[in-house]
Amino acid sequence: MAKLFAGFTQTIVDVTLAFLPLIVFYVFFNYFYWKLPRRQVLRFFRGILIAFIGLTLFMQGVNVGFDKMGKAIGSALGGASYNWILVPIGFVLGFVVTMAEPAIQVLNMEVEKVTGGYIHNKVMLYFLSIGVAVAVALSMLRILLGISLWYFIVPGYLIIFILARKVKPLFVGLAFDSGGVVTGPMIATFILAFTVGSSEAVPGSNPLFDGFGMIALVAMVPILSLLILGALYARSEAKGKEGERDAVRQRA
Amino acid sequence: MSVKETVNEVVRSVLPITAAVILLQITVVRQPWSEFLIFLFSVLMTMAGLTLFLIGVKESLLAIGELVGKSLLQSGKLWFIVAFAIAVGFAVTVAEPGVQVLANQVDVVSGGEISRYLLVAVVALGVGIYLALAMLRVIFNISLLKLLLVGYILVFALAIFTAPEFLAVSFDAGGATTGPVTVPFILSLGVGVSAIRGSRTASQDSFGFVGLGSVGPILAVLLLGVIFK
């Protein structure tokens, strides 16, 4: 069981460093501007403490468990004679890993708060998950066939900017934010380990660059999928039927 | 969301990936069972951690982001808003573990010619400048799409001139800067800033801060690549 806490000190240091600047800013602003009541300040620090313990446990779990399994899955499948299976398995793993990203849950909370349920939580989550799933599947295809990243990135962003002109500004912001939101610790460890593992097992590929490419695609495809969601909303609203939007919601 | 609801939500979001891994372990992967047992325990740890994180984040990171956003805009001093945005973008990026990993990778790719400190500083400055742009955009009512379009046109223009190894790394940089602490903070910063601007444009202005924040580091790494070449 000692293995469960391997490198725990490093995890604590990393998470502490990540929180530190925001705590400093809070203390600064509170001292000079807000002068919040004691109770509110205590509530903030309690929140920080809980979030800190939570993120430390989460990162440790991901580092000792998911990282190793990701690599093992990648090398086992990449070394197999039927290594084309990396593509569908990559799709499935990309789909399920998205819901476990901490920032995705936070994005959901904020979208609910800001739009008051206009964009349905579950629908957005599914579109994001499909986006990541497609991105991971494409990354596997790149590893197997050795296709240059640029054949995906250039047309991808071209389509993104064409589509972005046709949706509401709300969806533009949301879509581009989601690119940053999905590239969280789960993708950056589990899916990255899976990508590097399979790249090492497939002859003629470069694990370092395949890893970079995967992150680039995962940051891009969800932008596209949320813009498509925005276009669907725009279409159903253009028809002026409230029922249409409900249909979109129910279908997803 | 109550604690019970949060626990439910977390279990439901971590179970699918766990099920997928278990299924693969049984069918093809066959790691030693002692290793696999550690994975199962790590899942419990991950679930407990994610639950606590989501409970704590509401009263800390989300609260501070909104407060900072609101008081920045109410201060009304343009130089202060810009200086603060650059400072906060810089600080949270330097502290992001993902950026340290990126710095190591760039060290490898450039054969040690681009030092870790230079890269971290340049990327952090990239985030800071773009965060300031995101603030100015809301204040002066500039279209997000136009700002993003200019950003990405610059990205693709620089991509032609940069050393090829830097291309892939640069897009990686966009993802590396947006970690689990930074994202809630920047998201709520946007919500706070736009809440002040009135209800008509509030919902559409709330988002886009994280997206703009990812363009900065891509540009920063590409620029380094051009200079390095």
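**Exercise 1.** In this predicted model, determine the volume of the second largest cavity and establish which residues line it.

*Solution.* The second largest cavity has a volume of about 40 Å³. Reading off its lining gives A:Asp14 and A:Leu17 from chain A, together with B:Val94, B:Ala95, B:Glu96, B:Pro97 and B:Gln100 from chain B. Tracing these residues to secondary structure, one finds that helix H1 (8-34) of chain A and helix H5 (97-109) of chain B are the elements that give two or more residues to this lining. Sorted by character, the lining divides into 4 nonpolar, 1 polar and 2 charged residues.

**Exercise 2.** Describe the largest cavity by its volume, its lining and the character of the lining residues.

*Solution.* The largest cavity holds about 110 Å³ of space. Its lining comprises 14 residues, and those nearest the centre are A:Tyr157, A:Ala219, B:Tyr152, B:Ser214 and B:Ile218. The residues of this lining divide into 8 nonpolar, 6 polar and no charged.

**Exercise 3.** Work out how chain B meets chain A, beginning with the contacts and the buried area, and then turning to the salt bridges.

*Solution.* Counting contacts, 85 residues of chain B touch 83 residues of chain A. The two chains bury about 7,700 Å² between them, with 82% of that area on carbon and sulfur atoms; on the side of chain B, the residues that lose the most area are B:Ile17, B:Met45 and B:Phe207, which together account for 9% of what that side buries. Across the interface the rule finds 3 salt bridges, one of which joins the side chains of B:Glu35 and A:Lys3 at 3.1 Å, N to O.

Terms used. Residues numbered from 1 in each chain as written. Chains lettered and ligands numbered in written order. Predicted model: local features only at pLDDT ≥ 70, side-chain atom pairs only at ≥ 80, totals over all residues. Heavy atoms only, no water. Contact = heavy atoms within 4.5 Å. Buried area = accessible area lost by both parts, 1.4 Å probe. Salt bridge = Lys/Arg side-chain N within 4 Å of Asp/Glu carboxyl O. 1 Å grid on protein atoms, 1.4 Å probe; cavity = no way out; pocket = protein on both sides within 12 Å on 5 of 7 lines; lining within 4 Å. Points joined across faces, edges and corners; volume = space filled by probe spheres on them. Nonpolar A, V, L, I, M, F, W, Y, C, P; charged D, E, K, R; others polar. Helix = DSSP H or I, 4+ residues; strand = E, 2+ residues; numbered from the N terminus.
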